[in-house]
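Student: Please take one part of this structure and go through it closely. I would like a connected account of the packing there and of whatever adjoins it, without speculation.

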Amino acid sequence: MDPMETTSHIIEYRKLIEELAEKRANRRVPNGHPEHASILLETMFKRAEHDVRIYTGALNETVYGRPGLIEALKRFIARPGARLRVLLQDQHDAAWVKSQPMIKALYEKNRRDNVEVAVATGVYATNKAKHFSVMDDCGFRFEHDHSQTQAVANFNEPEIALELASVFDIVFGQAKPIQLTE
């Protein structure tokens, strides 16, 4: 693919995502590759009022290491009452988690009191479970194909967002917490 087409496509995709999020439109939008995922998550951090939940494999840097996402995360986590919970499918220790750009940025700003990270157990520690993110109790991103980063997102579909949030809360409660504080 021509790099200009790719850049143009990404600009248009970002514009669409930001417009849908601003309007809290109830419209499902596809997610075709890692940069789409990063744009969606960045927008979730920009628009979330109090809670972001992420269930992912391993905080892939092509998604979670992008500067725009990290800046949006820092602004989100600085808000009063904001909370981020990350559930990892893959088994990692605290040192690995702290070395990831997204988490490392929170350490640089000394903002981690309202951040929790845990490692999944049971079926959520395998590739059988689908990755997803939930913004407050209204927006979500649901990945139906890990290998191709294929997902669908919506910024105003509370029925699905609440269902995903409920599943997340149960699974997170059974997960192995990772200590982020010294």
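**Helix 7 and its surroundings**

Tutor: The charged end of Arg-85 sits over the ring of Phe-172, with 5.8 Å between that end and the ring centre. This is a reading of a predicted model. Phe-172 belongs to the buried residues of helix 7, together with Ala-161, Leu-164, Ala-165, Phe-168 and Val-171. Around the helix axis these buried residues cover an arc of only 135°, which means that they lie on the same side of helix 7. An α-helix has 3.6 residues a turn, so residues three or four places apart point the same way.

The opposite face has its own list. Glu-159, Glu-163, Ile-170, Gly-173 and Gln-174 are exposed, and they sit on the face of helix 7 that is turned away from the buried side. As for length, helix 7 has 17 residues and spans 24 Å from its first C-alpha to its last, close to the 24 Å expected at 1.5 Å a residue.

What lies over the buried side? The cover includes strand 2, strand 3 (83-88), strand 4 (115-119), strand 5 and strand 6 (139-145).

Aromatic rings account for part of the packing here. A pair of aromatic rings is described by the distance of the centres and the angle of the planes. The structure has five aromatic pairs. One of them joins Tyr-55 and Phe-132, with 5.9 Å from centre to centre and 55° between the planes, and this pair is tilted. Tyr-55 is in strand 2 (residues 51-56) and Phe-132 in strand 5 (residues 132-135), so to speak distant parts of the chain, with the two positions 77 residues apart, are linked by the pair. Tyr-55 and Phe-132 are both buried.

Phe-132 also pairs with a ring of the helix itself. The centres of Phe-132 and Phe-168 are 6.3 Å apart and their planes stand at 80°; the pair is therefore edge-to-face, because that class begins over 60 degrees. With Phe-132 in strand 5 and Phe-168 in helix 7 (residues 158-174), the pair ties together parts that are 36 residues apart in sequence. Phe-132 has a relative accessibility of 3% and so counts as buried. Phe-168 counts as buried because its relative accessibility is 0%. Taken further, ring pairs link Tyr-55, Tyr-124, Phe-132, Phe-168 and Phe-172 into a cluster. Phe-172 is thus a member of this cluster as well as the ring under the charged end of Arg-85.

Strand 6, named above as part of the cover, leads on to a further strand. Strand 6 and strand 7 run antiparallel and are joined by five bridges. In that pairing, Phe-142 stands opposite Val-152 of strand 7. Strand 7 (residues 150-154) is mostly covered, with four of its five residues buried. Strand 7 is also joined to strand 1, again antiparallel, by three bridges, and there Asn-31 stands opposite Ala-151.

Two loop residues adjoin strands already mentioned. Most residues other than glycine have a negative phi, and most peptide bonds are trans. Leu-59 is not a glycine, yet its phi is positive, at about 50°. Leu-59 lies in the loop between strand 2 and helix 3 (61-64), and with a relative accessible area of 1% it is buried. Arg-24 also has a positive phi, near 50°, and is likewise a residue other than glycine. Arg-24 is found in the loop that runs between helix 1 (3-23) and strand 1 (29-31). At 24% relative accessibility, Arg-24 counts as partly exposed.

Last, a residue in another helix. Val-97 lies in helix 5 (residues 94-99) and is buried, with a relative accessible area of 0%. Setting aside neighbours within four places in sequence, Val-97 is in contact with Leu-88, His-92, Ile-103, Val-117, Ile-178 and Leu-180. The C-alpha atoms of Val-97 and Val-117 are 8.3 Å apart, while along the chain the two residues are separated by 20 residues.

Technical notes
Residues are numbered from 1 along each chain as its sequence is written. This is a predicted model: local features need pLDDT of at least 70, side-chain atom pairs count only at pLDDT 80 or more; totals for chains, interfaces and linings use all residues. Side-chain values use heavy atoms; hydrogens and water are left out. Rings of Phe, Tyr and Trp (its six-membered ring) pair if their centres lie within 6.5 Å; planes under 30 degrees apart count as stacked, over 60 as edge-to-face and the rest as tilted. Buried means under 20% relative accessible area, exposed over 50%, partly exposed in between (1.4 Å probe, protein chains only). A charge sits over a ring if NZ of Lys or CZ of Arg is within 6 Å of the ring centre and within 35 degrees of the ring normal. The expected span of a helix is 1.5 Å times one less than its number of residues. The arc is that of the directions from the helix axis to the C-beta atoms. Contact means heavy atoms within 4.5 Å. Two strands pair if DSSP finds at least two bridges between them.
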